[in-house]
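This report describes a single protein chain in running text, moving from one charged side chain to the fold around it. Please keep the sequence and the model in view while reading.

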Amino acid sequence: MADFLGLMKQAAELKSKMEAMQAELDQVEVEGASGGGLVTVKLSGKGEMKGVKIDDSLIKPSEKEIVEDLIVAAHADARRKAETVMQEKMKSVAGGLPLPPGLKLF
């Protein structure tokens with residue numbers, strides 16, 4: 001029974017840490033780039049797009065499709081970085097809990 005109570009305490013601590021981490025992820029920003037930096041995208045740690053910057057040299061009607069593709073590529077780059085940040089934070093939050101192998105929290 002003591003093991004169960006200890007596990008419940010650890011679960012409550014994990015919940016508290018997860019809530020704090022979620023709040024922290026709102027404050028984290030990552031930036032992805034494509035086209036050698038011609039297009040950049042900023043995302044929150046949760047993957048919400050915060051901004052897009054396009055180099056003036058790309059703003060030509062005949063290159064509209066290229067710009068759109070570069071935005072998608074920059075977003076994907078930023079999203080991968082945000083996922084890496086989240087995974088690192090999850091490791092630090094769940095570090096002391098004996099979780100079964102293969103269990104994913106997100």
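Is glutamate 83 buried, partly exposed or exposed? In this predicted model, glutamate 83 has a relative accessibility of 42% and therefore counts as partly exposed. Glutamate 83 forms a salt bridge with arginine 79, and the closest N and O atoms of the two are 3.7 Å apart. The two partners, glutamate 83 and arginine 79, lie 4 residues apart in helix α2, so that about one helical turn separates them. Arginine 79, at 35% relative accessibility, is likewise classed as partly exposed.

**Salt bridges along helix α2**

Salt bridges that share partners also join Asp77, Arg80 and Lys81 into one network. In general, side chains of opposite charge can pair when their charged atoms come close. Counted with a cut-off of 4 Å between a side-chain nitrogen of Lys or Arg and a carboxyl oxygen of Asp or Glu, the number of salt bridges comes to 6. The table lists three of them, including the pair already described.

| Acidic residue | Basic residue | Closest N and O atoms |
|---|---|---|
| Aspartate 77 | Arginine 80 | 3.7 Å |
| Aspartate 77 | Lysine 81 | 3.5 Å |
| Glutamate 83 | Arginine 79 | 3.7 Å |

How many residues apart in helix α2 are aspartate 77 and arginine 80? They are 3 residues apart in this helix, which covers residues 64-93, and are therefore separated by about one helical turn. Aspartate 77 and lysine 81, which both lie in helix α2, are 4 residues apart, again about one turn of the helix.

The members of this network fall into three accessibility classes when they are taken one by one. Aspartate 77 has a relative accessible area of 17% and is buried, while arginine 80, with 51%, is exposed. Lysine 81, at 38% relative accessibility, counts as partly exposed.

**The surroundings of aspartate 77**

Beyond its salt-bridge partners, which contacts does aspartate 77 make with residues further away in sequence? When residues up to four places away in sequence are not counted, aspartate 77 touches Glu31, Gly32 and Ala33. One of these, alanine 33, offers its backbone nitrogen, which the side chain of aspartate 77 reaches at 3.0 Å. Aspartate 77 thus counts as buried because its relative accessibility, 17%, is under the 20% limit used for that class.

**The sheet and the packing of α2**

The protein chain contains 2 helices and 3 strands, and from the N terminus on these elements follow one another as α-β-β-β-α. The strands form an open sheet in the order β1-β2-β3, and their pairing is antiparallel. β1 and β3 (49-54) are the edge strands of this sheet, each of them pairing on one side only. From one strand to the next, the twist averages 15°. Strand β2, made up of residues 39-44, pairs with β3 in the antiparallel sense over 5 bridges, and threonine 40 stands opposite lysine 53 in β3. Helix α2 packs on the sheet and touches β1, β2 and β3, with its direction making about 140° with that of β1.

**Valine 28, between α1 and β1**

Where is valine 28 placed? Valine 28 sits in the loop between α1 (2-27) and β1 (29-34). With a relative accessible area of 19%, valine 28 is buried. Leaving aside neighbours within four places in sequence, valine 28 is in contact with Leu43, Ser44, Gly45, Val85 and Lys89. Serine 44 is 16 residues away from valine 28 in sequence, yet their C-alpha atoms are 5.6 Å apart in space.

**The chain as a whole**

Of the 106 residues in the protein chain, buried residues make up 25%. The protein chain exposes about 7,400 Å², and carbon and sulfur atoms supply 57% of that area. Among the contacts between residues at least 6 apart in sequence, 52% join residues at least 24 apart.

Definitions and conventions. Residues are numbered from 1 along each chain as its sequence is written. This is a predicted model: local features need pLDDT of at least 70, side-chain atom pairs count only at pLDDT 80 or more; totals for chains, interfaces and linings use all residues. Side-chain values use heavy atoms; hydrogens and water are left out. Buried means under 20% relative accessible area, exposed over 50%, partly exposed in between (1.4 Å probe, protein chains only). A polar contact is a pair of N or O atoms within 3.5 Å; within protein, one must be able to donate a hydrogen and the other to accept it, and residues adjacent in sequence count only if both atoms are side-chain atoms. Contact means heavy atoms within 4.5 Å. Accessible areas come from the Shrake-Rupley method with a 1.4 Å probe; for residues, only the protein chains shown count as cover. Two strands pair if DSSP finds at least two bridges between them. Axes are lines fitted to C-alpha atoms, for helices over the stretch in contact, and angles run from 0 to 180 degrees between N-to-C directions.
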